[in-house]
Amino acid sequence: MHKGVFDYLIKPIVLDRLQDSLNKYITFFNTIKTKSEVDQKDIDMTIKNINIDKDDIPKGIDEITLKKILKVLEGASDYLTADEIGDKIGASRNTARRYLEYLMEINVVEVNTNYGKIGRTEREFILVSKKSKNNKM
(Lines give C-alpha, C1' and ligand atoms only; values in the text may rest on other atoms or scores of the structure.)
Protein backbone atom coordinates (compact mmCIF):
# COMPACT_ATOMS: atom_id res chain seq x y z
CA MET A 1 0.00 0.00 0.00
CA HIS A 2 2.89 2.34 0.76
CA LYS A 3 3.98 2.16 -2.88
CA GLY A 4 0.44 2.57 -4.16
CA VAL A 5 -0.79 -1.02 -4.58
CA PHE A 6 -4.43 -1.17 -3.67
CA ASP A 7 -5.99 -4.04 -5.59
CA TYR A 8 -4.96 -6.62 -8.13
CA LEU A 9 -6.93 -7.49 -11.25
CA ILE A 10 -6.25 -10.46 -13.48
CA LYS A 11 -6.82 -10.36 -17.24
CA PRO A 12 -9.23 -10.36 -18.86
CA ILE A 13 -10.41 -7.40 -16.82
CA VAL A 14 -14.16 -7.09 -16.38
CA LEU A 15 -15.26 -3.46 -16.64
CA ASP A 16 -17.62 -3.70 -13.61
CA ARG A 17 -14.80 -5.16 -11.49
CA LEU A 18 -12.43 -2.35 -12.56
CA GLN A 19 -15.06 0.30 -11.82
CA ASP A 20 -15.76 -1.30 -8.43
CA SER A 21 -12.06 -1.29 -7.60
CA LEU A 22 -11.66 2.36 -8.60
CA ASN A 23 -14.71 3.44 -6.56
CA LYS A 24 -13.45 1.56 -3.54
CA TYR A 25 -10.02 3.14 -3.92
CA ILE A 26 -11.60 6.60 -3.94
CA THR A 27 -13.51 5.76 -0.74
CA PHE A 28 -10.34 4.36 0.82
CA PHE A 29 -8.24 7.36 -0.21
CA ASN A 30 -10.81 9.88 1.04
CA THR A 31 -11.00 8.05 4.37
CA ILE A 32 -7.26 7.95 4.87
CA LYS A 33 -6.57 11.54 3.76
CA THR A 34 -8.99 12.97 6.36
CA LYS A 35 -6.93 11.54 9.22
CA SER A 36 -3.83 13.20 10.62
CA GLU A 37 -2.65 9.84 11.90
CA VAL A 38 -3.60 6.38 10.67
CA ASP A 39 -3.48 3.34 12.94
CA GLN A 40 -3.87 -0.38 12.27
CA LYS A 41 -7.57 -0.35 13.09
CA ASP A 42 -8.20 2.37 10.48
CA ILE A 43 -6.48 0.29 7.81
CA ASP A 44 -8.15 -2.98 8.87
CA MET A 45 -11.64 -1.48 8.91
CA THR A 46 -11.18 0.32 5.60
CA ILE A 47 -9.79 -2.74 3.87
CA LYS A 48 -12.54 -4.95 5.32
CA ASN A 49 -15.09 -2.47 4.01
CA ILE A 50 -13.53 -2.62 0.60
CA ASN A 51 -13.03 -6.37 0.27
CA ILE A 52 -16.13 -8.39 1.04
CA ASP A 53 -15.42 -11.66 -0.71
CA LYS A 54 -18.55 -13.19 -2.20
CA ASP A 55 -17.39 -16.63 -1.03
CA ASP A 56 -17.57 -15.38 2.58
CA ILE A 57 -21.16 -14.13 2.33
CA PRO A 58 -23.34 -16.38 4.50
CA LYS A 59 -26.42 -18.24 3.32
CA GLY A 60 -29.47 -15.96 3.31
CA ILE A 61 -27.49 -12.86 2.29
CA ASP A 62 -27.91 -12.11 -1.40
CA GLU A 63 -24.86 -10.55 -3.05
CA ILE A 64 -26.91 -8.18 -5.22
CA THR A 65 -28.96 -6.88 -2.28
CA LEU A 66 -25.78 -6.52 -0.22
CA LYS A 67 -24.18 -4.45 -2.99
CA LYS A 68 -27.28 -2.23 -3.17
CA ILE A 69 -27.13 -1.57 0.57
CA LEU A 70 -23.41 -0.84 0.45
CA LYS A 71 -23.96 1.57 -2.44
CA VAL A 72 -26.61 3.44 -0.43
CA LEU A 73 -24.28 3.60 2.57
CA GLU A 74 -21.35 4.75 0.43
CA GLY A 75 -23.47 7.57 -0.99
CA ALA A 76 -24.77 8.67 2.40
CA SER A 77 -23.22 11.61 4.18
CA ASP A 78 -24.71 10.74 7.56
CA TYR A 79 -26.22 7.87 9.56
CA LEU A 80 -29.22 6.08 8.01
CA THR A 81 -31.94 3.93 9.58
CA ALA A 82 -32.95 0.49 8.30
CA ASP A 83 -36.25 2.09 7.17
CA GLU A 84 -34.40 4.67 5.08
CA ILE A 85 -32.07 2.10 3.53
CA GLY A 86 -34.95 -0.28 2.82
CA ASP A 87 -36.88 2.51 1.08
CA LYS A 88 -33.88 3.41 -1.07
CA ILE A 89 -33.37 -0.15 -2.32
CA GLY A 90 -37.04 -1.14 -2.48
CA ALA A 91 -36.87 -3.67 0.36
CA SER A 92 -38.55 -3.99 3.72
CA ARG A 93 -37.11 -2.59 6.94
CA ASN A 94 -36.59 -6.16 8.19
CA THR A 95 -34.61 -7.15 5.11
CA ALA A 96 -32.43 -4.06 5.37
CA ARG A 97 -31.95 -4.70 9.09
CA ARG A 98 -30.80 -8.31 8.48
CA TYR A 99 -28.16 -7.12 5.98
CA LEU A 100 -27.07 -4.29 8.29
CA GLU A 101 -26.62 -6.75 11.15
CA TYR A 102 -24.39 -8.87 8.90
CA LEU A 103 -22.37 -5.76 8.01
CA MET A 104 -22.07 -4.98 11.75
CA GLU A 105 -20.74 -8.50 12.39
CA ILE A 106 -17.92 -8.01 9.90
CA ASN A 107 -17.20 -4.46 11.14
CA VAL A 108 -18.17 -2.66 7.95
CA VAL A 109 -20.88 -0.54 9.58
CA GLU A 110 -21.26 0.94 13.02
CA VAL A 111 -24.52 1.57 14.79
CA ASN A 112 -25.76 4.54 16.76
CA THR A 113 -28.90 4.42 18.90
CA ASN A 114 -31.14 7.45 18.50
CA TYR A 115 -33.51 8.04 21.41
CA GLY A 116 -35.84 10.36 19.52
CA LYS A 117 -39.57 10.07 20.00
CA ILE A 118 -40.96 8.61 23.20
CA GLY A 119 -41.21 4.84 22.90
CA ARG A 120 -39.43 4.83 19.54
CA THR A 121 -35.73 4.05 19.74
CA GLU A 122 -34.08 3.84 16.33
CA ARG A 123 -30.78 2.35 15.30
CA GLU A 124 -28.82 4.30 12.72
CA PHE A 125 -26.02 2.89 10.59
CA ILE A 126 -22.94 4.31 8.90
CA LEU A 127 -19.94 2.84 7.14
CA VAL A 128 -16.99 2.56 9.48
CA SER A 129 -14.91 4.48 6.94
CA LYS A 130 -17.32 7.46 7.19
CA LYS A 131 -17.76 7.41 10.96
CA SER A 132 -14.84 9.75 11.61
CA LYS A 133 -16.50 12.41 9.47
CA ASN A 134 -19.87 12.13 11.23
CA ASN A 135 -18.99 11.16 14.77
CA LYS A 136 -22.20 11.13 16.87
CA MET A 137 -20.62 9.92 20.08
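Where in the chain is the place of asparagine 107? The legends below take up this residue and several other sites in a predicted model.

**View 1. Asparagine 107 sits in a loop between a helix and a strand.** The place of asparagine 107 is in the loop that runs between α5 and β2, the latter covering residues 109-115. Phi of asparagine 107 is near 60 degrees, which is a positive value in a residue other than glycine. Asparagine 107 counts as partly exposed because its relative accessibility is 34%, and partly exposed residues are those that fall between the limits of 20% for buried and 50% for exposed.

**View 2. A cis peptide bond leads into proline 12.** The bond that runs from lysine 11 to proline 12 is cis, and its omega angle is near -5 degrees. Proline 12 itself lies in the segment that comes before α1.

**View 3. Four residues make a nonpolar patch on the surface.** The patch has an area of about 380 Å², and the residues that make it are Ile13, Leu15, Leu18 and Leu22. One of these residues, leucine 22, has its place in helix α1, which spans residues 15-33. Leucine 22 has a relative accessibility of 49%, and therefore counts as partly exposed.

**View 4. The largest nonpolar core brings together 22 residues.** The residues with the most contacts inside this core are Leu66, Ile69, Leu73, Ile85 and Leu103. At least two residues of the core are supplied by each of α3 (63-75), α4 (82-89), α5 (93-105) and β3 (121-127).

**View 5. Isoleucine 85 is shown with the residues it touches.** When its neighbours within four places in sequence are left aside, isoleucine 85 is in contact with Ile69, Val72, Leu73, Leu80, Ala96 and Leu100. Isoleucine 85 is also among the residues with the most contacts inside the largest nonpolar core, as are Ile69 and Leu73.

**View 6. The whole chain gives the setting for the close-ups.** The secondary structure of the protein chain comes to six helices and three strands, and a reader who follows the sequence meets them in the pattern α-α-α-β-α-α-β-β-α. The protein chain has 137 residues, of which 34% are buried. Among the contacts in the chain with a separation of 6 or more, 51% are accounted for by residues that are 24 or more positions apart. The accessible surface of the protein chain comes to about 9,400 Å², and carbon and sulfur atoms hold 50% of this surface.

Note on methods:
Residues are numbered from 1 along each chain as its sequence is written. This is a predicted model: local features need pLDDT of at least 70, side-chain atom pairs count only at pLDDT 80 or more; totals for chains, interfaces and linings use all residues. Side-chain values use heavy atoms; hydrogens and water are left out. Patches are made of residues with over 30% relative accessible area and no salt bridge: like charges are joined within 9 Å, nonpolar side chains (Val, Leu, Ile, Met, Phe, Trp, Tyr) within 5 Å. Accessible areas come from the Shrake-Rupley method with a 1.4 Å probe; for residues, only the protein chains shown count as cover. A salt bridge is a side-chain nitrogen of Lys or Arg within 4 Å of a carboxyl oxygen of Asp or Glu. Helices (H or I, at least four residues) and strands (E, at least two) are DSSP runs, numbered from the N terminus. Buried means under 20% relative accessible area, exposed over 50%, partly exposed in between (1.4 Å probe, protein chains only). A nonpolar core is a set of buried Ala, Val, Leu, Ile, Met, Phe, Trp, Tyr and Cys residues joined through side-chain atoms within 4.5 Å. Contact means heavy atoms within 4.5 Å.
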